[in-house]
Amino acid sequence: MSPALPEEVPEPPELPAVAPQLRALRRRASFTLETAARSAGLSPAHLSRLETGQRQPSLPMLLALARTYGTTVSELLGETPADRDAVVRAGAMEPTEAGGWVYRQAGAAGRGMQALRVHIPYGSQGDIVRVHPGEEWLYVLEGRLRLRLGDTSHRLGPGDSAHFDSLTPHRLAAADQGGAELLFVHTLLQSPTAALCLGPAAGPIREV
């Protein structure tokens, strides 16, 4: 059973459209609050607070809910682009903050995978371990990234990349005070049973 995500301190209303979208997408998927919360690794009470705007979701929560409802983070945020242009201009990549991370959509919505440009501040979400179906690919643009895959810890610098099965427990954290900037691509699973499991890191770590 997926561990419940920890409660989070309320943040300023960065994402005004997310609460009604979460509720509408859950109802469209014919999920009860309890079923959707369990699938996404949340408590029903916390999901209810997200749906009523009393809490703002972190990026991992948005990814978990997107997988649960078989949609994209863009749709959760209420973004409905006029078309699926193959080209995304730099000026169109509006920054969004969630759970301390700042990310920009670097690909078109409605595709089988999602591309993001992500800034990970130092000390943000460094203790969260993710486990979920699919694949992930990342490329470090600036700074240094600490990537834990299973029981092995890697330090990646600019130009380094990683491509892995996301059923492998993994954790991302900036290795330096200046944070890390990366390109991040993950597959979107169109399955209501797909879930993102989050929990504290555990077990020995082997540095490579």
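Here are some notes on how a few helices pack in this predicted model, and on one of its cavities.

1. Let's start with α1 and α4. Helix α1 covers residues 18-28, and α4 runs over 59-69. Their axes lie 10 Å apart, at an angle of about 30 degrees. Angles under 35 degrees count as roughly parallel, so α1 is roughly parallel to α4. As for handedness, α1 passes α4 in a left-handed crossing.

2. Who does the touching there? On the α1 side you'll find V18, L22, L25 and R26, and on the α4 side L62, L65 and Y69. Sorted by class, this contact has 6 nonpolar residues, no polar ones and 1 charged.

3. Now look at α1 against α3, the helix of residues 44-51. Here the axes are 7 Å apart and the angle is about 120 degrees, which makes α1 oblique to α3.

4. In that pairing, A19, P20, L22, R23 and R26 of α1 meet L47, L50 and E51 of α3. The class split is 5 nonpolar, no polar and 3 charged. If you're clicking through the structure, pause at L22 and R26: they belong to the contact with α3, and they also turn up in the contact with α4.

5. Helix α4 has another partner in α2, which spans residues 33-40. The two axes come within 9 Å and cross at roughly 120 degrees; α2 and α4 are therefore oblique to each other. This crossing is right-handed, whereas α1 passes α4 in a left-handed one.

6. Which residues bring α2 and α4 together? From α2 they are A36, S39 and A40, and from α4 they are A64, L65, T68 and Y69. By class that gives 5 nonpolar, 2 polar and no charged residues. L65 and Y69 are worth a look, as they meet α2 and also take part in the contact with α1.

7. Last, the cavities. The model has 2 of 30 Å³ or more, and the second largest has a volume of about 30 Å³. Its lining is made by L59, L63, W101, V118, L172, L182 and F184. Two elements, α4 and β10 (180-187), each give two or more residues to that lining.

8. What kind of residues line the second largest cavity, by class? There are 7 nonpolar residues, with no polar and no charged ones. So α4 is a handy helix to keep in view: it packs with α1, crosses α2 and helps line this cavity.

Definitions and conventions
Residues are numbered from 1 along each chain as its sequence is written. This is a predicted model: local features need pLDDT of at least 70, side-chain atom pairs count only at pLDDT 80 or more; totals for chains, interfaces and linings use all residues. Side-chain values use heavy atoms; hydrogens and water are left out. On a 1 Å grid over the protein atoms alone, a cavity is a set of points where a 1.4 Å probe fits but cannot get out, and a pocket is an open set with protein on both sides within 12 Å along at least five of seven lines; lining residues have an atom within 4 Å of a point. Grid points are joined across faces, edges and corners, and a volume is the space filled by probe spheres set on the points. Helices (H or I, at least four residues) and strands (E, at least two) are DSSP runs, numbered from the N terminus. Ala, Val, Leu, Ile, Met, Phe, Trp, Tyr, Cys and Pro count as nonpolar, Asp, Glu, Lys and Arg as charged, and the others, Gly among them, as polar. Axes are lines fitted to C-alpha atoms, for helices over the stretch in contact, and angles run from 0 to 180 degrees between N-to-C directions. Angles under 35 degrees count as roughly parallel, over 145 as roughly antiparallel, 65 to 115 as roughly perpendicular and the rest as oblique. A crossing is left-handed if the near helix is turned anticlockwise from the far one by less than a right angle, and right-handed if clockwise. Contact means heavy atoms within 4.5 Å.
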